[in-house]
Amino acid sequence: MAENLSDIDIDLNTDKIHEWRSIITLVVFVLTNVVVLFPFHIPLPFPRVLENAILDALSRLRVIAPRRSRSQYGPSSANDHVGSQTEKVGLIVWLKFPMNFVTTPLIADLFLLAILAIGREEVYGGTIGANNISPIDIMAFFITLAYIAISIDASGLIRYLAFKVLQKGGKYGHRLFFYLYAFFFSLGTFIGNDPIILSGTAFLAYMTRVSSNIIHPRAWIFAQFAVANIASAILVSSNPTNLVLAGAFDIRFIDYTANMIVPVVITAIVLFPFLLYIVFADESLIPLSIQMHELSEEAKSRKPVNPNIPHARGNAEEEENDPANGEESKQLSLEEIMNPFIDKGGAGFGAVVMAATLITLLALNAASQNTGEHPVFYVTLPAAFVMFCWDIAFGWLHRDETRKISRDGRREVERARAERLTRELEEQERAAHLEQEHQNNAVANQSTSTQARILDANPLGENPPTPRADPSAGLSDPKIGNGNTTGTDIDARPSTSAISTMDEKQDPELRKPARGLSGATLSQGPGVRGRELSEREIDAEKQPPYSITVRPERGETTLVSLIADAYRWSQETFPTATAVLSHLPFALVPFAFSMFVLVQALVTKGWVPVFAYGWDHWVNRTGTVGSVGGMGFLSVILCNFAGTNIGATILLSRVIQAWQKIHQANGTIITDRTFWATVYSMALGVNFGAFSTVFSASLAGLLWRDILARKHIRVRRLDFARVNLPIIGIAMVVGCAILVGEVYIIRSENAYDA
């Protein structure tokens, strides 16, 4: 458990900032946040000989497959070093090391530990806890509650309810926009923003895709992203930033909700007409009447399949994700939203577990002053375990059905890929034949012109000498033959070398299958080729490394193959549990711990007290209204430049705690009105700041961007900032204005009692 604020002496001595370790700590903190904002990869040189030795050792230990059988190394692998290619490859392999929100804070902490800028105190405070903030409790609470919420999402409940909302809204654009806005706000209030981002974003991408008069999905996806993050400010359990804030200032969950619900709800109400009539006032974005493509009766009667089962839709998913398919892709997307899958048992049980968990949390937290405080994950961990057991039991009882669906879908994908590859090979051959015929015609024309020149030079009709074959014209090519060879003859005997030449000109992805087809002779006709190649051989070469792996020869079993087989087995046997575990925000855990340690380093090195003195001067000059506006502005800005809204919350919470200590040391008071105005304006800012100027202002923003990219909707950084600036502006102005009125009504000028 975290220690109480009174048990830890916050050193307010600002002279420490002149020490070199203190300066380096601040520089490292700033650079870390810049890298989180703009991630990149560092190319690292590595000796190829050493790389090959390591890979060979791992293959001998049967950890990975031998290098010759792994295609991911491309043309630079050892088995591709032929002749002069050895010199082209070089002796160095360039490895790309990612610098992102997971690795960068961790490297920063290790660096500060190495130079002794931080030690046990900072690491303990950033992991176990200090000053009422317990990172390990917060992370355990958030991950376990997230399992329940994502399990409800995996049951199909959110998409099914969105489908019902779509039916209710009908074809009236403005009414449907309002219904979806209210739906996402209501649902996000209880289960948080992550499940809304996971399912709601994909649903809107499908919906706008199958509408013939919604030119761009901008209005729908940006409104959904904004309202999901606004709704997450109401309950403590909806966002990890709320957990940090409530723990730092010992706020009961019921008190937090009571103070936040009015500003948040009024903000959502005022924001809607602003979005509809000002920001997105364009018929191409939100038309008065939405024209949706019609779903066929056959598709309506078809039984929906569980999207958590791998390859449940067979080849339909690949066709849908291919933008070149056009109308067929739209029909598949329409079926996805108009014939949604729902696991009624899992959805009902998950809703009951979530409701019971939230009610228990509120009740126990409200009674904590009398019974003593307990970590909140004491409630969520058993609830998540019960939900996990349900998912496992449900999967095991239906394992035969889910395995059959997956097996049939995989076969359909393999068959479709085999057919597609055969067509590509035939097209390559036809292109090679056309090129060969063109060369042949050129040779024939040249021969004719040569004969004409000879006749002109020998008008008496004497027999001319037989012309020698011109190597540059290709007459000596044994595959072309003599000059009398016709185009029909060439079509009957396609040239292997011509096809090879053509392959070299094709895209590398098209050349790979032709190069690796064992037992296939390229000089045969297309029909013979298609019959000789088995589907499994074709698919093994065609598919990318992250998709289905179908190998003509299994080869020896390795640790990697065992893990891949185990994961595929778990997907087919326990589809819901596997899908939920794969979507849990585990990357948040190392990021949050590392950021906690960095902020704790700023506390011990004197920087947080410096910020606290600056804040104290601002509040003394501007009063309560200035504290609301200033903290709201700071929290939004720091969401974008302090390592997401979680990093901003950690830093600002420490600043406010140091501000409290400054007044305790000086014997002065902070009024109850000003203190809580500062705290709750920060709560507004760190939640609303997620939809401001950069994707990395929140982890939900990164997730939102990636889901849209998979649905072929690209949102540029500049567009994200340009669209969100007016939205965050009106949301913060309205929210802070309502909060000012609220604190003046319910808070007094008496001293705040910490």
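This is a short tour of a predicted model, with suggestions for what to select at each stop.

**The whole chain**

Start with everything shown as a cartoon. The protein has 754 residues, and 49% of them count as buried. Its secondary structure comes to 32 helices and two strands. If you switch on contacts, keep this in mind: among those with a separation of 6 or more, 81% join residues 24 or more positions apart.

**Stop 1: helix α1 and V28**

Select V28, which sits in helix α1 (residues 20-37). Is V28 buried or exposed? With a relative accessible area of 10%, V28 is buried, because the cut-off for buried is under 20%. Now add A108, F111 and L112: V28 touches these residues once those up to four places away in sequence are set aside. Try a C-alpha to C-alpha distance from V28 to A108; the value is 6.5 Å, for two residues 80 apart in sequence.

**Stop 2: two loops with positive phi**

Move to R62, in the loop between α2 (48-60) and α3 (85-89). R62 is not a glycine, yet its phi is positive, at about 60°. This arginine is partly exposed, with 41% relative accessible area.

Next, select L116 in the loop between α4 (103-114) and α5 (120-127). Here too the residue is something other than glycine with a positive phi, near 65°. L116 is exposed, and its relative accessible area is 61%; the label applies because exposed means over 50%.

**Stop 3: aromatic pairs**

Colour the Phe, Tyr and Trp side chains. The model holds 27 aromatic pairs. Begin with Y147 and F388, whose rings meet edge-to-face, 6.0 Å centre to centre and with 70° between the planes. What does this pair tie together? Y147 belongs to helix α6 (residues 135-154) and F388 to helix α18 (residues 377-397), so the pair links parts that are 241 residues apart in sequence. Y147 is buried at 4% relative accessibility, whereas F388 is partly exposed at 29%.

Then pick F183 and F184, a tilted pair with 5.4 Å between ring centres and 50° between planes. F183 is buried at 12% relative accessibility, and F184 is buried at 2%.

**Stop 4: an aromatic cluster**

Select F249, Y256, W615, W659, F675, W676 and Y680 together. These residues form one aromatic cluster, so it helps to show them in a single colour.

**Stop 5: arginines over rings**

Show R399 with W396. R399 lies over the face of W396, 4.0 Å from the ring centre. Then compare R705 and F695: R705 lies over the face of F695, at 5.4 Å from the ring centre.

**Stop 6: the largest cavity**

Turn on an interior surface. A search of the whole structure finds four cavities of 30 Å³ or more. The largest holds about 140 Å³ of space. To centre your view on this cavity, select F142, A146, A149, I191 and P195, which lie nearest its centre among the 15 lining residues. Which elements give two or more residues to this lining? They are α6, α8 (173-191) and α9 (193-209). The most comes from α6, with five residues. By class, the lining of the largest cavity has 10 nonpolar, four polar and one charged residues.

**Stop 7: the second largest cavity**

The last selection is F177, L180, Y181, F184, L204, W220, A223 and Q224, which line the second largest cavity. The volume of this cavity is about 60 Å³. Look for F184 in the lining; you have already met F184 as the partner of F183 in the tilted pair. Both α8 and α10 (218-231) supply at least two lining residues each. The largest share, four residues, comes from α8. How many residues of each class line the second largest cavity? The lining has seven nonpolar, one polar and no charged residues.

Methods:
Residues numbered from 1 in each chain as written. Heavy atoms only, no water. Phe/Tyr/Trp six-rings, centres within 6.5 Å; stacked < 30°, edge-to-face > 60°. Buried < 20%, exposed > 50% of the residue type's maximum accessible area, 1.4 Å probe, protein only. Lys NZ or Arg CZ within 6 Å of the ring centre and 35° of its normal. 1 Å grid on protein atoms, 1.4 Å probe; cavity = no way out; pocket = protein on both sides within 12 Å on 5 of 7 lines; lining within 4 Å. Points joined across faces, edges and corners; volume = space filled by probe spheres on them. Nonpolar A, V, L, I, M, F, W, Y, C, P; charged D, E, K, R; others polar. Contact = heavy atoms within 4.5 Å.
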